[in-house]
Structure formats: structure tokens, C-alpha cells
Amino acid sequence: MTMPYDAVSELSDEALLVLYAKGDPLAAQVLSRRFLPRVLAHATRVLKDQAEAEDVAQEAMLRLWKIAPDWRAGEAQVTTWMYRVTANLCTDRIRKRRSVPLDSAPEPEDDTPSAGEAMQDAARAQALNAALMELPDRQRQAVALRHLEGLSNPDIAEILDCGVEAVESLIARGKRALTKILQGKREELGYVDE
Amino acid sequence: MSMNKDDDSLDLELWFSASRKHTHDPSDDLLARVLADAAMLQPEAPGIVTTAPDPAPRVSLWAQFTNAIGGWSGLAGLGTATVAGLWIGLSAPNTLVTLSSAMTSGEYEPTYLSEIEDYALLVIEEGAE
């Protein structure tokens, strides 16, 4: 017997994992639609490479399917666990890239004109992502998780396997570096203090 | 989604906000790959039959016949009836032909009939006394 999609989509993450482990065909769909965009977004921001980000997102989801039958309720949040797996996979990818000079990291795709708010937003997003790529891996992940994914510092500490104070330090240093990098982009993108 | 609003983030928040608006929807191809992985690794649901059930065992004609007559006891009864019928069939015609031919020729007077007749006469006589 299976539950209707609407009913399944309202279940908690842990309940969905239990359903998946019991063979429910809808649980995987709901979990994928819930987590895949988030892990893909984080991987894309951290890696700045769509193909690599998709590989990481697929691998992170694969690990979720594998752990589902052994998931121990209450020990960790599924969201935190997913980001932690994604962060580690991204770090592994970045380590493998070490031989590639940072200067060769992809630049924003084009010089988007600053006419129109949407285009300005897109330009800002691209500039921010490019600036993030100039940060060390852990600073980049901490800033992205805090300010783009909206996670709490304790959650980020769990994801990055460090203390909350270390997370605060990573974020503070990362933001200072971003401010410095983006300072030069303000006039170029038509940014005005509001 | 709560964001830090400390002094450092005041300037950066516009940039973060712009980046948050930029969604990263997975492509259909990626979603299909992820769901294929999920299907491959998903444990089987208890109660869901994924293999064809065993076909019903074939029943031989002999077994069907035995069942139709009520099993082995029916078969024994049938055997007995058959032997009895055979015996009657083999022995009766001779007696029957003899009896019938004797009766039609008028030469036959069964002994047991004469005995009954004698007995009946005796009863009548005793009754008369």
C-alpha cells in the first residue's frame, strides 16, 4: 500500500528515509525534490563548475540512499548530514584541482549589462560567486552555508566538523575578504548603497 | 531564512540576496539519474511481489479422476463394484438361461415353491383345527 504524493511530501525528512528504506516508491521522489536543489546549489557555488557540481550532488544523494536503511533517528538532522557530505565531496574535488592555478578558475561568463534590476542581480550573483571562489575552501563553504543556505552556526560547525567559534571566525574572515574583493566591482555593476 | 545583520554583512547582504535569487534547479537529466540510483539501491518493500508466482501444480488425469470419485475410498468402492459386476456377469447368464428356458417349457418346478406351498397348506390346516 502506498500513500498519496501530497501526504508523503508533508512528512519529515527522517520519516521519508524510513519510508524509502521500506520500499515506498514516492519517498525517493520527495527526498530528491527536497534536497537535490539545495546540495546542487551549494556544490555549484563552491565548485563553480556545473558538471562537477552535478556529479557531487548525485553522489551526495547516492550516499543518502545507501544510508537510509541504517539511519538512526535523532542522531543528526538529515539536512545537516546532506550538507556535510556535500561539503566533504566538494573539498575532495578542490584538493584534486590543487595543481590548477587559482587564476584559471572560471570567470563570470559575460559582462552583463547593468540595465534592469534582474540583470543587475544576475551580475551581482555572478560577481559574488566569482569572489567566493577566491576564498579558501572552508571560508567559502562557511560563508555560503551561513548567508546563502541560511544554516545556523552550530549546524555549520557540525557540517565542517569544527567548533562554533571556528565557524564564526571563518565567516568573519570570509566576509572581510569578500568585501575587499567586491569593492572594486561596485561601480562596474551600478551598485549604490541603499 | 535568517541572515546575519552584523556590521560586516550590511554591504554584502545585497550581493548575498542577489545570489539567493539565483536558483539552481536540477536538470531533468540529473533528477532522472538521481531517481535511477534511488530505485537501484532501494530495499524491496515487504509484501510487494516482484517475481511471478509459482504456477499452480499440474494435476494428472488419473489424479483428476480419483478426486472426481471421492478419493481412494471411492476408488476402492468402484473396484469392488466392478469385480462384483464382473462376477455377476460371468455367472448369471447360465443360470438365467436355464431358469428361463425351463420356465417357458413348463418343466420347471422350483423346489422352494413347493416347500412354500406345503408350508402354506400346513398353516391352513392348523388354522382350521
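A residue is buried here if 20 or more other C-beta atoms, placed from the backbone, lie within 10 Å of its own, exposed if 12 or fewer, and partly exposed in between. By that yardstick, helix 3 of chain B (residues 61–68) is hardly covered: its count of buried residues is zero among eight. This is a predicted model, where local features need pLDDT of at least 70 and side-chain atom pairs count only at pLDDT 80 or more, while totals for chains, interfaces and linings use all residues. Residues are numbered from 1 along each chain as its sequence is written, with chains lettered from A and ligands numbered from 1 in the order written.

**Chain B, helix 3**
- Helices are DSSP runs (H or I, at least four residues), numbered from the N terminus.
- After helix 3 of chain B comes G70(B), with a positive phi near 100°.

**Where the chains meet**
- Chain A puts 38 residues into the contact and chain B 33, contact meaning C-beta atoms, placed from the backbone, within 7 Å.
- On the chain B side, helix 1 (7–21) and helix 2 (28–41) each supply at least two residues.
- Helix 1 of chain B gives that side its largest share, 11 residues.

**Two helices in chain A**
- Helix 3 (residues 25–47) and helix 7 (residues 137–148) of chain A have axes that come within 10 Å and cross at roughly 140°; axes are lines fitted to C-alpha atoms over the stretch in contact, with angles from 0 to 180 degrees between N-to-C directions.
- H42(A), R45(A) and V46(A) of helix 3 meet R140(A), Q141(A), A144(A) and L148(A) of helix 7.

Technical notes. Two residues are in contact if their C-beta atoms, placed from the backbone, lie within 7 Å.
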